[in-house]
Amino acid sequence: MIESYVYHFSPDNEPVKRVEKGATVTFKTLDCFSNQIKSEEQLITAIDFDRVNPATGPVYVEGAEPGDVLVVDILKIKVGDVGIASTLPETGPLIGKVESSRTKLIPVKDGKVIFNDIEFPANPMIGVIGVAPAEGKVPCGFPGSHGGNMDCNKIVEGARVYFPVRTPGALFQLGDLHASMGDGEICGTGIEIPGEVTVKIDLVKDFPLDWPVLETEDMWYAIASDHEFEKALRFASEQMQLLVSKAYGWDMTDVYLYMSVRGSFEICQGCKPSGFPTVVRFGVPKVEEKPRLINY
Ligand code: CA
Ligand code: ZN
């Protein structure tokens, strides 16, 4: 079990474990506030912000080189029995209509979330997951083409995520579990919760990829982000267009038409206004009679 935390994605982070491809690894994760909040009297405005958005790792994958793709199977996500949601000052569409920072402790029991006087199914997911960028350091609270804080509620048990490797060893890390989070995460938090994640890590050698790709039981998604909504949409669309064209042998215009008549454009992170980039995913269904978009 890995229990070592970092606050950036960076090729300069010291790996805490080295694994061969095919390895299964378990990460112990803190919640996105580094477990600093223990009661509803504690407001988010009073915590130490140098310690928000920790990720566990990084893990060095032997043989991973820039130009490869890291393949991560989410085998198991275990979350704690109480999570935290909070409104954040100056964040989201309902600024000015709500308390600017209210801490709410939310019980999670037997796979169910208890919110006030109702219950609904939990959907444990990973908010922060990715590999090191080629250079510099990206705070774990931000998304990018390396992954990071993508806040995609489809990164759950059984999902597979592909990342473009940018530095030797890939330097994989994850954190920021949510017991539940709606698409867009409009107030800026999900049900923030500590836990444990077990993944299997593998490699596809020499495969061109610019953005993370998510594979679910029946869909492929390209996930992209930018401060400008239009750019995020364009990046995700371009990545999907390339993958489909290459796998299906269709030209770029036919792929564009196909994406429009059958694809699905969805929001991962859209709490606007805020300082956070918008994260989107573009999905297409899996097609049995055609090759997989990434041959793994
Ligand atoms: Ca997050
Ligand atoms: Zn979170």
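1. Helix H2 (252–262) lies across E21 and E22, and its direction runs at about 95 degrees to that of E22. Helices (H or I, at least four residues) and strands (E, at least two) are DSSP runs, numbered from the N terminus; axes are lines fitted to C-alpha atoms, for helices over the stretch in contact, with angles running from 0 to 180 degrees between N-to-C directions. Contact here means heavy atoms within 4.5 Å.

2. The model is a predicted one, in which local features need pLDDT of at least 70 and side-chain atom pairs count only at pLDDT 80 or more, while totals for chains, interfaces and linings use all residues. Residues are numbered from 1 along each chain as its sequence is written, chains are lettered from A and ligands numbered from 1 in the order in which they are written, and side-chain values use heavy atoms, with hydrogens and water left out.

3. The sheet under H2 is open and has eight strands in the order E4-E18-E6-E15-E19-E20-E22-E21, with antiparallel pairing; two strands count as paired if DSSP finds at least two bridges between them. Its edges are strand E4 (24–29) and strand E21 (264–269), each of which pairs on one side only. On average, and with direction ignored, neighbouring strands are turned by 30 degrees against each other. Within the sheet, strand E6 (residues 69–79) and E15 are joined by five bridges in the antiparallel sense, and Val 72 stands opposite Val 161 in E15.

4. Helix H1 also packs on this sheet, where it touches E19, E20, E21 and E22, and its direction makes about 145 degrees with that of E20. The 20 residues of H1 (residues 229–248) should span 28 Å at 1.5 Å a residue, and the end C-alpha atoms are indeed 28 Å apart, so the two values agree; the expected span is 1.5 Å times one less than the number of residues. Residue Gly 249 follows the helix with a positive phi, near 75 degrees.

5. The buried residues of H1 include Ala 232, Ala 236, Gln 239, Met 240, Leu 243, Val 244 and Ala 247, where buried means under 20% relative accessible area, exposed over 50% and partly exposed in between (1.4 Å probe, protein chains only). An α-helix has 3.6 residues a turn, so residues three or four places apart point the same way. Among the elements that cover the buried residues of H1 are strand E19 (213–215), strand E20 (219–226), helix H2 (252–262) and strand E22 (278–285).

6. The calcium ion (ligand 1) has as its protein donors Asn 149 (OD1), two OD atoms listed for Asp 151, and Asp 176 (OD), at 2.2 to 2.7 Å, and these follow the spacing N-x1-D-x24-D along the chain. Distant parts of the chain are linked in this way, since Asp 151 sits in the loop between strand E14 (147–149) and strand E15 (160–164) and Asp 176 in strand E16 (residues 172–178), 25 residues apart. Donors are N, O and S atoms within 2.8 Å of the metal (3.2 Å for Na, K and Ca), and water is not among the atoms, so sites may look incomplete.

7. For the zinc ion (ligand 2), the protein donors are Asp 176 (OD), His 178 (NE2) and Glu 192 (OE), the last listed twice, at 1.8 to 2.8 Å, with the spacing D-x1-H-x13-E. The four donor atoms subtend angles of 51 to 148 degrees, and the arrangement is therefore irregular: four donors count as tetrahedral if all angles lie between 85 and 135 degrees, four count as square planar and six as octahedral if opposite donors are over 155 degrees apart and all others between 65 and 115, and anything else is irregular.

8. The two ions are 3.2 Å apart, and Asp 176 coordinates both. Asp 176 counts as buried because its relative accessibility is 2%, Asp 151 counts as buried at 2%, and His 178 counts as buried at 0%.

9. Gly 141, in the loop between strand E12 (138–139) and strand E13 (143–144), is buried with a relative accessible area of 7%. Leaving aside neighbours within four places in sequence, Gly 141 is in contact with Asn 53, Asn 149 and Phe 276.

10. Strands E8 (residues 103–109) and E9 (residues 112–115) pair in the antiparallel sense over two bridges, and in their hairpin, with two residues between the strands, Asp 110 has a positive phi near 50 degrees. E9 also pairs with strand E10 (residues 118–121), over four antiparallel bridges, and in the turn of this hairpin Asn 116 takes a positive phi of about 50 degrees.
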